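Dear colleague,

Here is the structure I promised to pass on to you. Please look it over before reading my notes below.

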Amino acid sequence: MIFQDNVIKEYLKNVYFITGTPCGGKTTISCELAKRHNLLVYDVDEQFAHHQTISNSAFQPSMNKVFKDADGFFGRTVEEYKKWLIDNIREQLDFVLLDLIRLSQNQIVLCDCHLTMEEAEKLTDVSRIIFLIKEPSNLVDDYCNRPDHQGFSDFINSTSDTDKATALCNATLKSLNEKSYKDIKDSGYYWIERTPDSTIDETVGKAERHFGFVKN
């Protein structure tokens, strides 16, 4: 069954999307907004394991791809790794949308997610989405240094050649996000760039005003 964009948007009218490039601050800002305004946060990454258990390898092959070990996982080309990441996001999106429709029936939901601008156009209004971005170079160190990503840090450090695995990740994430980073800045969508001078309070304040949670 295929739903038209206007139908999806109507059923997602209580969902506010916080998306963007890796390490842009999506999770931090989502959690702070939720705390200040008593909102529910839906973190797509946290739902992946559950969605994987109810997925089907015939329809969601990337979500069900099994790797022998960390060397097998990181022993791919940049293009192979990038395609796998993109396919995972696309395959999980159906599960995510159904969850969001259910959860947002009687409450506002903040969705911490990975949406392209093309997907955003189909799913929501420009007033209900923010792109948090960061220049896509050397992202792995930032990613691994976060307490909530300790599992990935341990995984990459379990490879026989950590430097090679790190280089692959950095190259893949840069290739995957470099164009998006530039296109988002040139788009009509509201975006906030994370820099060394950025603060949580400043970014949350901008998000609150854009979403209309507080008066300008």
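What follows is a short account of the protein as a whole, then of one helix and of two loop residues.

Please bear in mind throughout that this is a predicted model.

Beginning with the overall fold, the protein has ten helices and five strands. Its radius of gyration is 18 Å, close to the 17 Å that the globule rule gives for 216 residues, so the protein is as compact as a globular protein of that length. The C-alpha trace spans about 55 × 45 × 30 Å along its principal axes, and 43% of the 216 residues count as buried. If one takes the contacts between residues at least 6 apart in sequence, 79% of them join residues that are at least 24 apart.

As for the surface, the accessible area of the protein comes to about 12200 Å², and carbon and sulfur atoms account for 50% of it. The side chains include 25 positive and 34 negative ones, with the centres of these two sets lying 3 Å apart.

The element I looked at in most detail is helix 10, which covers residues 200–211. At 1.5 Å a residue, its twelve residues should span 16 Å, and this agrees with the end C-alpha atoms, which are 16 Å apart. The buried residues of helix 10 are T203, V204, G205, A207, E208 and F211, a list that includes the charged side chain of a glutamate, E208. These buried residues pack against strand 1 (15–20), strand 3 (109–112), strand 4 (129–133) and strand 5 (191–193), as well as against helix 2 (26–37). After helix 10 comes G212, whose phi is positive, near 80°.

Two of the elements that helix 10 packs against, strand 1 and helix 2, also frame the next point, since the loop between them holds C23. Although C23 is not a glycine, its phi is positive, at about 65°. With a relative accessibility of 7%, against a cut-off of under 20%, C23 counts as buried.

At the other end of helix 2, in the loop that leads to strand 2 (40–43), lies N38. N38 is likewise not a glycine and has a positive phi, of about 55°. Is N38 buried or exposed? Its relative accessible area is 73%, where over 50% is required, so N38 is exposed.

With best regards

Technical notes. Residues are numbered from 1 along each chain as its sequence is written. This is a predicted model: local features need pLDDT of at least 70, side-chain atom pairs count only at pLDDT 80 or more; totals for chains, interfaces and linings use all residues. Side-chain values use heavy atoms; hydrogens and water are left out. Helices (H or I, at least four residues) and strands (E, at least two) are DSSP runs, numbered from the N terminus. The radius of gyration is taken over C-alpha atoms; the globule rule is 2.2 Å times the number of residues to the power 0.38. Buried means under 20% relative accessible area, exposed over 50%, partly exposed in between (1.4 Å probe, protein chains only). Contact means heavy atoms within 4.5 Å. Accessible areas come from the Shrake-Rupley method with a 1.4 Å probe; for residues, only the protein chains shown count as cover. The place of a charge is taken as NZ of Lys, CZ of Arg, CG of Asp or CD of Glu. The expected span of a helix is 1.5 Å times one less than its number of residues.
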